[in-house]
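Work through the exercises below with the sequence and the model side by side, trying each task before reading its solution.

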Amino acid sequence: MELAEKQPPNRASASARIVPLLRAVIVPVMAVVVALLIGAVIIAISGANPIKAYTSLVSGGLGNAKAIERTFEKATPLIFGGLAVALAFRAGLFNIGAQGQLLFGALMAGYAGFAIEGLPMVIHLPLALLFGAVTGALWAAIAGVLRAYTGAHEVITTIMLNFVAINITDYLSNGPWKASGVVARTPKILETAEMGKIGNVPLGLVLALVVALVVWWLIDRTTIGFELRTVGHNPNASQYAGISVRRMTILAMVLSGLLAGLGGAVETLGVVGRFQPGFNAGLGFTAITIALLARNHPLGVIPAALLIGVMQAGSSRMQLDSGVASDIIEVVQALILFFVAADVLIRTLLRMRDTGDNITLSSGWGQS
Amino acid sequence: MQATRPIARPAASRLPWPLIIFGGVLLLLIVIAYVRDSQVTTAVLNSTIRQSTPIILGALAGIMCERVGVVNIGIEGMMLLAAFLGFLFNVWTGNLFLAVIGAVAAGALIGAVHALMSITLKVDQIISGTVINIMATGFTGYFYQQGLVTQGKLTPIRIPLLADIPIIGPVFFDNPPITYLALLLVIAIHILLFKTRWGLRTRAVGEHPAAADTVGIRVNYMRYMNVMLGGALAGLAGGFLTLEAVGSFERNMTNGRGFVALAVMIFGKWTPIGSWAGALLFGFANGLQTQIQFLQNRMPSWLAWVGDIPHQFIGMLPYVLTIVVLAGFVGRARPPAALGSRYEKE
C-alpha cells in the first residue's frame, strides 16, 4: 500500500488523455447534430425555412452582447438543475423534482430578499441564497426519506411534490406574501439582496461555475462522493461494505435539492428580482436532458446547459424572424434526449463499441 | 397424469374483512348523504366515476406493461400524445368513433416506441419513459394550434331501466361510452391476466423471463405485445380526455394523471380490480374538487369552514394522496420480480 502511494501519479501523455475525452464527447455531440437535423426536417414539413430558423436562433442567442447575456441568464438555472439531476443520477436516484425544489428555492430566496430588512449586502445576499438552497434541500429530503424508509419511488414522489410545490408557492405568492397590485407576485427584493453582474457576466453564472467545480470535486474526490457512487452502482454491495444506503439516499436527495433550490434563488435574486408563480415551467425536464447530455459529469453540465441556454435565449428571436414556433426547441431537446438515451443508435452510426457505462435505474418500485 | 394438488393460496385470497367493513361504512355514508341531498350526492358520485376513468385506464396500461416486466413511466406522455392525436383525428374526420380508434392506435404506436427503446435498444426503462414524456410535451406544444374546430364530444348514453335505479342508476348507467368501456376493460383485463394462457405467459415473463424462455415463451415478443397493448390503453385514456371529458385539447392537460395511475396500480397490487378501487379513491378526490363550488352553498353550518380552504390546497389533494398511497403501500405490495430488467437470451 505505502509503496503504491509513494509512486508518482501516473502522468498519461496528452494524446492518451484526449482520446478517451473525444470518445466520451462524440456520442452527445452526434446526438445533438442528429436531433437538430431531424428538427430541421420538422421545420421544413411545417412550411418554414430551417436554415433561416436556425440562423436566427443562433443570432438570437449569440449574435451580440445582449444576446449572450440572455444566454448566460437562461443557462444559469439550467446548470444548477443539470447538476442536481446529475448528482442524484450518480447515486442511482432519478430526481424529476428539480422543478419543485427550484420553485421553493426561488420563493424563499425572494421572501428573504424582501422581508428581512436592515442587513448589509455581504450578509443579506448570502442569507437569501441560503434560504433558497435550504428550502430546496428540505423539499427534496421528503422524497429522499420516503424512498429510504418506505421504498416509495422518487420518480413518482418527486413529480407529485412538483405539483404540490406549484400549488403552495402559488398560494403564498398570491395570498399572504402577495405584493400590492393585481399581479400575483411577491414584493420586489431589496437592493441589498440583488445579485449583480461583472461586466456582461451575471454573478449567478459565476456562482454556477464554481458550484459545478465543487460538485465535481465532491463526487470524484471525496469519501462521500465515493460512497454516493458506490450506492448508485450497487446498493446491495454498498450495504455489505458498511455504507448506509438509507443515509446516502437521503443525502443524495438533499444535495440534489440544495443545488436546485440554489438555482431558483439565483434566478430570483439575479434575474427576476421577485418571485412570480409559473416561471421556468419545464425546467425539471430540461435538467434531465442536460444531465444525460453531460453523461452525468458535473463539468459536462456546463457546456450542455450553455447549449440549451442558447436555444432558449434565441427561440423568441427565431419565432419573430422565421415564424417557427419557439416550442420547436422543446422538440429538439426531446430528440437530443432520445438519441443520448438510445446511444446504441449513434454508436452504430459511428461503428463504435459499447462502452458499457449505461445508466441503470429501473430497479422496480420496491425497496432496493 | 399426476394428481394436481392446488398450490397453497396466500392469505390474500381470504375475505379481506377490513376492506369489506370499510366499504360497508362508505356505502352507508353515501346512502345517508343521498337521503340528505340526493342531487349533490349524485353529482359527486358521477364525477367520481368519470374522473376515475383516465386513471383506471392508465393503471391498466401500467399493469399490462409491468406484469410483463417493463416499467412504464411514460404513461403520462402516451396519454398526452394520444389525447392530442385523437383531438386532431376528430378535427380532420369529424367522426368521434374514428377519433377514438385513432387515439388508441396512436397510444399503441407510442407503446411500440417505448418497447423499441427499452427492449431492443436496451435503454433504461425509466429513462425511456421519461423520453416519451418529454417528447409528448414538446411535440404537442409545437404542433398545437389555437382555434381548431371540433365536432363536439362523446355524450352520455342512458341505459334504459337500469338508469332508473336510485343512486346506482344515474352513477353507473348514464355515462359516456369510454367510461363504460373502462369499466368493462377492468373485468376484461382481469380475465386476460388470470384466466387465459396469454395472461399466464405474461406473468411468467414478468416474474422469471429465463424460466419462461426455457419453456418456449418468446420473452421479447410477449414484452412488445403487452407494452403496445398498454400503450393502447393509455391512448384510450388520452382519448377520454379530449373526446369525452373536455372536447378540445389543452397544453399539458394530463396534469400528472399518468403518474397518479402508476401509484394506483401499486395500490391495487398490480391487479385490475384492486387498481379500480384505488382509481375510485382518486376519482372521488378529483370529483369533490370539481364539485366544491357547487357544494359550498349547501354545506351544513358545521362544515362551513371547508369553503374557506384556499383552492390551491384542495387542488393538491390528489397529489398528496398519491404520495401517501405510495409510501403506505409500496413496501407491502410485491412487484413482478423481473420488473425493470432487460432480458438477453443466453
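**Exercise 1.** Determine how many residues each chain gives to the contact between chain A and chain B, and which element of chain A gives the most.

*Solution.* Taking two residues to be in contact if their C-beta atoms, placed from the backbone, lie within 7 Å, one finds 44 residues from chain A and 41 residues from chain B in the contact. The model is a predicted one, in which local features need pLDDT of at least 70 and side-chain atom pairs count only at pLDDT 80 or more, while totals for chains, interfaces and linings use all residues. Residues are numbered from 1 along each chain as its sequence is written, and chains are lettered from A and ligands numbered from 1 in the order in which they are written.

Next, assign the elements, where helices (H or I, at least four residues) and strands (E, at least two) are DSSP runs numbered from the N terminus. On the side of chain A that touches chain B, two or more residues come from each of H6 (121-150), H7 (154-174), H12 (283-293), H14 (328-341) and H15 (343-350) of chain A. Of these, H7(A) gives the most, with 11 residues.

**Exercise 2.** Compare the end-to-end distance of helix H11 of chain A with its expected span, and decide how far the helix is enclosed.

*Solution.* The expected span is 1.5 Å times one less than the number of residues. For the 28 residues of H11(A), residues 245-272, this should come to 40 Å, and the end C-alpha atoms are 39 Å apart, which agrees. A residue is buried if 20 or more other C-beta atoms lie within 10 Å of its own, exposed if 12 or fewer, and partly exposed in between. Because 23 of the 28 residues of H11(A) are buried, the helix is largely enclosed by the rest of the structure. Just after H11(A), Gly273(A) has a positive phi of about 85 degrees.

**Exercise 3.** Describe how helices H8 and H10 of chain B cross, and name the residues that make their contact.

*Solution.* With axes fitted as lines to C-alpha atoms over the stretch in contact, and angles run from 0 to 180 degrees between N-to-C directions, H8(B) (residues 197-207) and H10(B) (residues 219-246) come within 10 Å and cross at roughly 110 degrees. Since angles of 65 to 115 degrees count as roughly perpendicular, H8(B) is therefore roughly perpendicular to H10(B). The contact is made by Arg201(B), Thr202(B) and Val205(B) of H8(B), together with Val219(B), Met222(B), Arg223(B) and Asn226(B) of H10(B).

Key
Parallel < 35°, antiparallel > 145°, perpendicular 65-115°, else oblique.
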